[in-house]
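Reader: I would love a close look at one part of this fold, taken slowly and with its surroundings included. Could you pick a single helix and walk me through what it touches?

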Amino acid sequence: MAKKKSRKEKTKVLFASPEIMPFGGTGGLGEVAGSLPREVNRMENSGVECRVIMPLYSSVKEEFRREMKFLGHMEIPVAWRKQYMGLFSLERDGVMYYFVDNEYYFKRDSLYGFNDDCERFSFFSRAVLESAEITGFEPDIIHANDWQTALTVVFAKTLYAGKGYKTVFTVHNVEYQGRYGTELLHDCIGLEAKDNPLLMHDGDVNLMKGAIECCDKFTTVSPTYAKELTYPVSAFGLDGVIRDNEYKMFGILNGIDTVSYDPANDPATKASYSSANINGKKKCKRALQKELGLPESDAPMLTMITRLVAPKGVDIVASMMDDLLYSGDIQFVMLGTGDKKYEDYFRQLQDRYPDQVRSLIQFNTVTAHQIYAGGDIFIMPSRSEACGLAQMIACRYGNVPVVRLTGGLADSIHEWNGEEGNGFTFYDFNGTELSFAIGRALDLYGHRNKWRALVRHILDEDFSWAKAAKIYHRMYAEL
């Protein structure tokens with residue numbers, strides 16, 4: 001069993017994630033893993049020391065590799081066989097990061113999407129639990145994230161039960177659960193036969209289900225999303241499991257990195273600005289229009305930065321955008337990649353409205369910052385959105401959000417009433433309701449003083465990690 005801690009001894013948390021920015025990431029999870037542990041550690045009088053561990057992917061840049069220290073190597077059990085693990089460390093911004101090296105599993109062109117992902121992340125999960133043999137950092141709590149690290153929680157409560165680890169499991173996106181055939185119980189996972197039922201769900205192996213059952217605390221990334229996960233329409237088959245474990249579930253709204261996203265000090269943009277002086281925002285808009293070859297005018301600029309997939313509401317944008325562009329002097333800039341049919345739609349939209357639309361079928365971080373800073377209205381009509389970060393970043397840059405009330409969008413964006421709120425909202429998932437919400441934003445845009453008051457107001461919104469970090473800190477202390 002874990003020993004009782006003295007009052008002065010810090011609680012040790014090992015934060016396990018399949019992606020961490022700036023070392024490697026594909027979306028919101030990487031940004032969360034890159035920000036939350038840092039914020040927990042820097043809290044005043046923090047009684048927690050949080051360290052972070054991730055795979056050493058081939059995409060990790062050389063500039064980071066040069067700073068790493070090789071700590072040692074060992075063999076890691078993967079079901080009936082053993083595989084090499086090298087372990088590296090790097091300290092950055094008050095956080096110690098560990099990197100699990102195995103070129104067979106992680107020297108690949110992308111992070112996920114391979115036929116052997118179950119084996120790859122079974123290896124990583126065991127490596128997380130074995131890493132203390134090399135690092136000397138024996139955690140009190142292991143905080144795992146999404147299906148790729150779900151087995152960390154399951155292993156901690158079965159194969160490593162004698163260690164007495166407490167565990168937290170965070171669901172960032174319930175749609176991806178780690179579902180596999182039962183043959184992988186023997187081939188890749190290697191639990192004792194009596195523990196295999198922990199992973200079984202609807203006839204398949206389900207790694208996320210196992211972690212939800214086994215963890216001590218179960219969190220997700222916004223209060224509304226936590227409620228939505230108890231309903232069949234939102235939980236992708238796990239609603240019963242989630243309801244059974246609701247007693248230990250918490251919905252904690254994510255934050256954003258307010259240093260990386262700061263219009264007063266952003267090297268990617270052409271001018272700086274803040275709520276005290278917003279004149280630089282117009283300069284950013286002009287620079288973006290010039291860069292994209294759009295008319296340099298005061299026409300309202302609508303923006304989207306998104307993955308082009310159905311859950312992001314691309315279909316309802318397509319259902320109303322022609323009417324909106326045809327009806328007035330409006331510009332629209334979209335940045336993103338995804339399903340081919342949506343990429344083709346936005347290319348064709350630009351062809352139809354060459355003086356109003358720019359469809360940037362790419363993802364470029366510098367361009368994203370420029371669009372946040374240059375845009376006036378930010379559209380985020382998601383069918384589902386666990387938390388969402390883009391709407392918070394948009395506020396940070398004075399790009400007024402129009403969002404559908406789901407998940408973290410409902411928790412972070414509220415209808416502007418002239419004094420309170422920070423955007424425009426709608427509930428029914430259809431193009432008509434989206435069009436009405438954009439219409440309210442455009443009406444206010446026509447009243448320049450009122451619009452500027454809203455922009456100043458949202459520039460002062462606090463979406464930092466401080467509030468979420470306090471909740472996680474309290475949860476760790478309770479464990």
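**Helix α6 and its neighbours**

Author: Happily! The buried residues of α6 are A150, L151, T152, V153, V154, F155 and A156. Please keep in mind that this is a predicted model. Seven of the eight residues of α6 are buried, so the helix is largely enclosed by the rest of the structure. What do these buried residues pack against? Their partners are helices α4, α7 (184–189) and α8, together with strands β6 (141–145) and β7 (166–171).

Let us take the two helix pairs in turn, beginning with α8. Helix α6 spans residues 150–157 and α8 spans residues 207–214; their axes lie 8 Å apart, and the packing angle is about 45 degrees. That angle makes α6 oblique to α8. The crossing of this pair is left-handed. On the α6 side the contact uses A150, L151, V153, V154 and K157, and these meet L207, M208, G210, A211 and C214 of α8. Sorted by class, the residues of this contact are eight nonpolar, one polar and one charged.

Now for the pairing with α4. The axes of α4 and α6 come within 8 Å and cross at roughly 50 degrees, and the two helices are therefore oblique to each other. Left-handed or right-handed, how do α4 and α6 cross? Their crossing is right-handed, whereas α6 passes α8 in a left-handed one. From α4 the contact draws on S122, S125, R126, V128 and L129, and from α6 on L151, T152, F155 and A156. By class, this contact has five nonpolar, three polar and one charged residues. Notice that L151 appears in the contact with α4 and also in the contact with α8.

The partners deserve a look of their own. Helix α4 covers residues 117–130, and its 14 residues reach 20 Å from the first C-alpha to the last, close to the 20 Å expected at 1.5 Å a residue. As for its setting, 14 of the 14 residues of α4 are buried, so this helix too is largely enclosed by the rest of the structure.

In α8, a residue to pause at is K209. Buried or exposed, where does K209 fall? K209 has a relative accessible area of 8%, so it counts as buried, the cut-off being under 20%. Leaving aside residues up to four places away in sequence, K209 touches P197, L198, L199, M200, H201, L238 and V241. For a sense of distance, K209 and G30 are 179 residues apart in sequence and 22 Å apart in space, C-alpha to C-alpha.

Finally, the approach to α6 from β6 has a feature worth your attention. The loop between β6 and α6 holds D146. D146 has a phi near 60 degrees, a positive value in a residue other than glycine. With a relative accessible area of 8%, D146 is buried. Elsewhere, D93 has a positive phi of about 55 degrees although it is not a glycine, and D93 sits in the loop between β4 (81–92) and β5 (95–101).

To gather the picture around α6: its buried residues pack against three helices and two strands, namely α4, α7, α8, β6 and β7. It is oblique to α8, and α4 and α6 are oblique to each other as well.

Technical notes:
Residues are numbered from 1 along each chain as its sequence is written. This is a predicted model: local features need pLDDT of at least 70, side-chain atom pairs count only at pLDDT 80 or more; totals for chains, interfaces and linings use all residues. Side-chain values use heavy atoms; hydrogens and water are left out. Helices (H or I, at least four residues) and strands (E, at least two) are DSSP runs, numbered from the N terminus. The expected span of a helix is 1.5 Å times one less than its number of residues. Buried means under 20% relative accessible area, exposed over 50%, partly exposed in between (1.4 Å probe, protein chains only). Axes are lines fitted to C-alpha atoms, for helices over the stretch in contact, and angles run from 0 to 180 degrees between N-to-C directions. Angles under 35 degrees count as roughly parallel, over 145 as roughly antiparallel, 65 to 115 as roughly perpendicular and the rest as oblique. A crossing is left-handed if the near helix is turned anticlockwise from the far one by less than a right angle, and right-handed if clockwise. Contact means heavy atoms within 4.5 Å. Ala, Val, Leu, Ile, Met, Phe, Trp, Tyr, Cys and Pro count as nonpolar, Asp, Glu, Lys and Arg as charged, and the others, Gly among them, as polar.
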